[in-house]
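Please look through the sequence and the structure shown below, and then read the report that follows, which moves from one helix to whole chains and back to single residues.

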Amino acid sequence: MAAVDVIPTVSEETNLLRFITCGSVDDGKSTLLGRLLYDAGMVPEDQLAALARDSRKLHADAPDALDFSLLTDGLDAERQQGITIDVAYRYFHTSRRSFIVADCPGHEQYTRNMATGASTAQLAVVLVDARKGLLPQTRRHSYICALMGIRQVVLAVNKMDLVDCREDIYAAIAHEYRELAVQLGITTVHCLPVVAPTGDNVGKPSTRMPWYQGPTLVELLEAADTAVAQGVDFRMPVQWVNRPDASFRGYAGTICGGKLAVGAEVVVQPAMRRARVERIVTADGDLQEATVGQAVTLTLDREIDVSRGDVIADALRPAPVADQFAAHILWMGDEPLLPNRAYWLKIGSRTVNARVTSIKHKVDVNTQAELAARRLDLNEVGYCNIDLDHAIAFESYEANRTLGAFILIDRTTNATVGCGMLDFALRRATNVHWQHTDLNKDARSVSKGQQPRCLWFTGLSGAGKSTIANLVERRLHSLGYHTYMLDGDNLRHGLNKDLGFTPEARVENVRRVAEVAHLMVDAGLIVLVCVISPFQSERRFARSLFGQGEFVEVFVDTTLEECERRDPKGLYRKARAGEILTFTGIDSPYEVPDDAELRLRTSGLRPEQLAEQVVEQLLSGQTDSRH
Amino acid sequence: MSHLDALEAESIHIFRETAAAFERPVMLYSIGKDSSVLLHLLRKAFYPARPPMPLLHVDTTWKFREMIAFREQVAADGDVEVLVHINEDGVRQGISPLTHGSAVHTDVMKTVALKQALDKYAFDAAIGGARRDEEKSRAKERVFSFRNAQHRWDPKQQRPELWHTFNTQIQKGESVRVFPLSNWTEMDVWHYIRREGIPVVPLYFAKPRPVVEREGALIMVDDERFTLREGEKVEMRDVRFRTLGCYPLTGAVESTADTLDKIIDEMAASRSSERQGRVIDNDGNASMERKKQEGYF
């Protein structure tokens with residue numbers, strides 16, 4: 001059982017396999033991985049000494065046995081809890097191949113970490129405890145592997161010694177797993193029986209299970225297919241524009257599909273500008289040809305507009321372009337995904353605004369049953385329609401792992417809250433074209449002699465939004481401005497009467513009001529919007545619809561105590577009595593704006609004085625062209 | 001594609017993403033072999049343009065003299081700006097690894113100094129040469145690793161990192177640490193240095209050097225600040241270094257490997273890990289993780 005004496009050398013020309021290990025808590029995943037590193041001769045002497053010392057400390061009953069799981073359980077918190085809570089990457093090589101392993105946690109609540117590990121992997125090693133057989137988690141992990149595009153799995157049936165190395169038990173588990181794999185679209189499955197602590201069938205064939213004649217785990221990993229879905233058509237997202245001086249303009253990026261030769265005709269997407277490739281530049285000299293995976297810099301034969309986020313593609317076989325998609329989303333945020341809330345979406349090197357317009361269904365990750373859903377919680381998978389504010393070049397995830405994959409970023413916290421795999425463009429995007437109109441906003445506002453604006457009044461119920469806005473509108477009207485007031489309460493009698501007061505409905509409410517305000521600004525009007533709009537991300541979304549300086553956020557800052565004292569509609573009293581649920585300020589949060597153009601501290605001031613502050617702010621921005 | 005080509009392309013992708021997404025990126029330059037590889041990749045990533053970011057060396061004033069000479073040579077190449085920062089407060093207090101021990105010295109002259117420099121220049125992305133194979137807590141580090149405005153790392157609040165689609169969004173005052181060599185091993189680094197002919201500090205190659213045996217480590221006597229304890233004597237031995245840091249904290253290994261080929265052969269036969277020679281890692285269990293939370297690289 002001694003480790004090999006010499007670390008196997010790896011030549012410079014061996015290739016690379018990335019794989020993940022997954023299994024349930026206590027399946028022995030860390031032990032198997034530790035054993036793999038040990039058998040590959042990757043555990044240096046000083047680490048081995050530390051391992052022996054730690055093993056003795058933890059297992060007084062078996063002082064001479066090595067606990068291989070200690071090699072890979074990294075963080076302090078994990079050592080205390082005895083579980084792996086985050087993805088850890090390990091590196092080893094044999095004489096035939098280099099490996100990067102993502103050690104993926106088995107604990108139920110960390111599905112997102114598994115997806116993270118799976119996203120770059122070409123193969124998954126799925127562990128099963130021979131005593132327990134397939135568990136709901138086995139199915140869940142395999143589903144996520146399949147969802148993330150892994151098409152080859154090694155099923156390691158572990159702890160065979162605890163079932164007396166019985167072939168029938170192994171065969172039943174292997175059979176059941178192969179059936180599952182077929183359902184999930186995993187095309188290549190290898191099964192083998194192992195005993196991780198002693199290394200049976202890990203690095204060497206087991207003498208205890210002569211009925212298994214197949215390859216060891218190491219041999220399977222050395223022989224696995226290293227290709228990932230990258231398509232055959234040339235694709236390169238532009239990361240960075242290289243402009244050292246006036247004589248050179250190159251587009252730097254990593255080729256994510258197909259190959260390219262000098263002279264090839266390409267198209268820059270989504271704008272569809274065509275050019276020919278003049279040079280393929282690298283620091284090691286120009287190339288005549290380049291292929292998927294290479295980081296290069298291209299120059300083109302003519303000056304066209306290309307910037308970061310564009311995709312350079314084969315001109316004869318360009319990528320589809322769209323702004324509406326169907327996609328699977330795996331939610332990783334602590335706050336739920338709400339339809340119509342705006343998020344940043346990053347795909348390739350492009351970042352755009354995105355909203356999930358509908359959740360068609362969520363997927364029970366244990367059974368793959370489709371369930372109705374109005375939101376996605378942490379670790380849930382949904383099949384969703386997505387709407388972007390810009391058209392992008394894309395591929396289905398099945399065809400291309402770069403141009404079919406995106407992450408979602410919370411606009412307030414900047415956290416990565418979701419990941420998604422694109423399926424196809426929605427027909428609507430290709431069939432509903434933007435109708436061009438001859439008259440535009442500028443023309444319409446010139447004829448009104450004013451700069452259109454959206455004055456967005458936000459604040460608690462009873463803060464005085466409508467009262468102040470009403471005074472502002474009267475004053476503007478008397479000065480000859482063209483205005484319109486959109487009051488949240490009034491709109492709920494018509495446009496928004498189908499919406500309730502759940503967080504999801506509040507998001508949709510604000511989205512509709514913002515879109516209507518946007519239309520009215522486009523018509524050249526000064527629009528006054530009064531909605532509680534309690535969430536920062538919705539106010540930011542509203543702002544994003546408008547041009548620079550068009551959106552004026554007015555925070556009507558009245559304390560909760562004061563609003564409650566006034567209680568003009570008797571709503572606070574009802575909310576306190578439990579007759580109204582999810583009432584802002586009582587049992588639903590109000591996120592105080594930190595980027596409002598104007599903050600009206602209402603305490604001690606009359607509404608007329610406050611209205612005058614708003615009018616002043618507005619008129620200071622009006623370059624008056626009126627008579 | 002060979003695995004070295006794949007690693008090189010991945011690192012170049014990370015460099016370019018950093019330059020494009022951040023306003024004031026910097027590359028931390030520690031003068032060691034990993035920094036040499038980083039610098040080589042930095043030049044490659046932006047060729048034919050000059051690197052669009054400066055290098056920053058946090059100088060503890062206790063580096064080997066040959067390291068400083070090497071740094072000056074890099075600065076003399078002229079294609080990239082080399083910034084040097086020293087914690088002058090620490091110098092005034094006379095902080096020294098010999099009298100204050102490795103923990104205090106590292107905190108004041110490295111961790112605090114690094115934070116001072118990042119604040120001084122308002123860098124929002126700092127590229128470093130750390131690799132995941134170096135140490136257990138590094139194995140879970142992200143490629144783009146988020147730091148709050150106090151430069152702290154929270155291992156429980158790390159952003160999930162999928163594909164090569166990196167989340168580069170931060171608020172003002174926050175920053176990221178970026179690790180383009182995350183997926184490289186020590187062996188990959190040496191293979192790449194040999195393949196690309198990258199210059200490294202001569203201390204990596206064996207030759208007779210004056211060393212003292214202290215607490216089980218071979219410490220090189222690099223200047224007159226090193227004082228001998230009772231019973232210690234300076235000997236000339238054939239040694240080299242696997243990692244480079246502050247000379248009183250860096251143990252040499254006895255070796256005759258004086259070429260790259262010999263170093264690689266020696267490593268293939270070696271049975272001890274790279275950071276073993278570093279005194280800093282042994283200040284208590286999981287000490288690297290704690291240092292990282294406090295802002296150490």
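What covers the buried residues of α13(A)? In this predicted model, the cover includes the strands β17 (342–347), β23 (453–458) and β26 (551–557) of chain A, together with the helix α12 (503–522) of chain A. The helix α13 itself spans residues 536–544 of chain A, and A:Glu538, A:Arg539, A:Phe541 and A:Ala542 are buried in it. These buried residues lie on the same side of α13(A), because they cover an arc of only 155° around the axis.

**Chain A as a whole**

Chain A has 627 residues, of which 49% count as buried, and its secondary structure consists of 16 helices and 27 strands. Taken along the principal axes, the box filled by the C-alpha atoms of chain A is roughly 95 × 70 × 45 Å. Among the contacts in chain A with a separation of 6 or more, 72% join residues that are 24 or more positions apart.

In soluble globular proteins, nonpolar side chains tend to be buried together. Here the largest nonpolar core has 248 residues, and A:Ala124, A:Leu455, A:Val527 and A:Val529 are those with the most contacts inside it. If residues up to four places away in sequence are not counted, A:Val529 touches A:Cys454, A:Leu455, A:Trp456, A:Phe457, A:Leu486, A:Val513 and A:Ala517.

**Domains of chain A**

The domain assignment divides chain A into domain 1 (16–223), domain 2 (235–314), domain 3 (323–429) and domain 4 (441–619). Between domain 2 and domain 3 of chain A, the C-alpha centres lie 29 Å apart, and the contact takes 12 residues from domain 2 and 9 residues from domain 3. On the side of domain 2 that touches domain 3, the strands β7 (235–237) and β15 (311–314) of chain A each supply at least two residues. By class, that side of domain 2 has 6 nonpolar, 4 polar and 2 charged residues.

**Where chain B meets chain A**

The contact between the chains takes 50 residues from chain B and 56 residues from chain A. On the side of chain B, the elements that give two or more residues are α1 (3–21), α2 (33–46), α6 (186–196) and α7 (260–269) of chain B, and the largest share, 10 residues, comes from α1(B). The residues of this side of chain B divide into 21 nonpolar, 15 polar and 14 charged.

**Backbone angles to look up**

Most residues other than glycine have a negative phi, and most peptide bonds are trans. The table lists two cis peptide bonds and two residues with positive phi.

| Place | Feature | Value |
|---|---|---|
| A:Gln269 to A:Pro270 | cis peptide bond | omega near 10° |
| B:Tyr47 to B:Pro48 | cis peptide bond | omega near 5° |
| A:Lys159 | positive phi | phi near 60° |
| B:His151 | positive phi | phi about 70° |

A:Pro270 has its place in the loop between β11 (265–269) and β12 (273–281) of chain A, while B:Pro48 is found in the loop between α2 and β2 (55–58) of chain B. A:Lys159 lies in the loop between β5 (152–158) and α6 (167–184) of chain A, and B:His151 in the loop between β5 (144–147) and β6 (175–178) of chain B.

Is A:Lys159 buried or exposed? A:Lys159 counts as buried because 21 other C-beta atoms lie within 10 Å, where the cut-off is 20 or more. B:His151, with 19 other C-beta atoms within 10 Å, is partly exposed.

Note on methods. Residues numbered from 1 in each chain as written. Chains lettered and ligands numbered in written order. Predicted model: local features only at pLDDT ≥ 70, side-chain atom pairs only at ≥ 80, totals over all residues. Contact = placed C-beta atoms within 7 Å. Helix = DSSP H or I, 4+ residues; strand = E, 2+ residues; numbered from the N terminus. Nonpolar A, V, L, I, M, F, W, Y, C, P; charged D, E, K, R; others polar. Buried ≥ 20, exposed ≤ 12 C-beta atoms within 10 Å, placed from the backbone. Arc of directions from axis to C-beta. Core = buried A, V, L, I, M, F, W, Y, C linked by C-beta atoms within 7 Å. Domains from an automatic or database assignment.
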